[in-house]
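Let's take a friendly walk through this model together. Keep the viewer open and follow along as each part comes up.

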Amino acid sequence: MEATAATDLYACGPMGMLWAVSELATARGVRVWTAVEEAMACGIGACMSRVLPVVGSDGISRLVRACVEGPCFDGATVRWNDVGSLPSDIEGAAAMGWH
Ligand code: FES
């Protein structure tokens, strides 16, 4: 990525690309907005088919629904390497059976 005066970057595409773009932009001090457009089942927040681990402004990680809380997220707050898993430090993990 070449030097730029841009302060924000917008990205959509595959999850792996969003992860890569987020890392590159964040490392350069550019805020990155990612549109998570993975296949969604219900689209109304009922099925939990597409949830992402996201770090809130309070520093606590939560699973959020891409269809309801998103689909656009600050890429720096998404725990891309934990997408598709249930990290033990996610709020409510114990209630979801994490041991
Ligand atoms: S698609 Fe069903 S909860 Fe988001």
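Is C42 buried, partly exposed or exposed? This is a predicted model, and in it C42 has a relative accessibility of 31%, so C42 counts as partly exposed. The label follows because partly exposed covers the range between the buried limit of under 20% and the exposed limit of over 50%. C67 gets the label partly exposed as well, because its relative accessibility is 25%. While you have the cysteines in view, note that a search of the whole structure finds 0 disulfides.

Now turn to the strands. Three of them form an open sheet in the order β1-β2-β5, and the pairing is mixed. In general, strands of a sheet pair through backbone hydrogen bonds, in either a parallel or an antiparallel way. The edges here are taken by β1 (8-12) and β5 (72-74); each has a single partner strand, so one side of each is left without a neighbour in the sheet. From one strand to the next, the twist averages 25°. If you zoom in on β2 (residues 31-35), you will find 3 bridges joining it to β5, and the two strands run antiparallel. A35 stands opposite C72 in β5.

Next, bring the helix into view. α1 lies across β1 and β2, and its direction makes an angle of about 170° with β2. The helix also matters for the next stop, the largest nonpolar core, which has 15 residues. Those with the most contacts inside this core are M15, L18, V36, L52, V54, F73 and W80. Two elements, α1 (15-27) and β3 (51-55), give two or more residues to this core, and α1 gives the most, with 4 residues.

W80 is a good place to pause. Which residues does W80 touch, leaving aside its neighbours within four places in sequence? W80 is in contact with M15, L18, W19, S22, T34, V36 and G75. Of these, M15, L18 and V36 also appear among the core residues with the most contacts.

Finally, look at D82, in the segment after β5. Why does D82 count as buried? Its relative accessibility is 17%, so D82 falls within the buried class, whose limit is under 20%. The side chain of D82 is joined to that of R79 by a polar contact of 2.8 Å. Leaving aside neighbours within four places in sequence, D82 is in contact with P53 and P87.

Technical notes:
Residues numbered from 1 in each chain as written. Predicted model: local features only at pLDDT ≥ 70, side-chain atom pairs only at ≥ 80, totals over all residues. Heavy atoms only, no water. Core = buried A, V, L, I, M, F, W, Y, C linked by side-chain atoms within 4.5 Å. Buried < 20%, exposed > 50% of the residue type's maximum accessible area, 1.4 Å probe, protein only. Contact = heavy atoms within 4.5 Å. Pairing = 2+ DSSP bridges. Axes fitted to C-alpha atoms, helices over the stretch in contact; angles between N-to-C directions. Polar contact = N/O pair within 3.5 Å; in protein donor to acceptor, adjacent residues only side chain to side chain. Disulfide = S-S within 2.5 Å.
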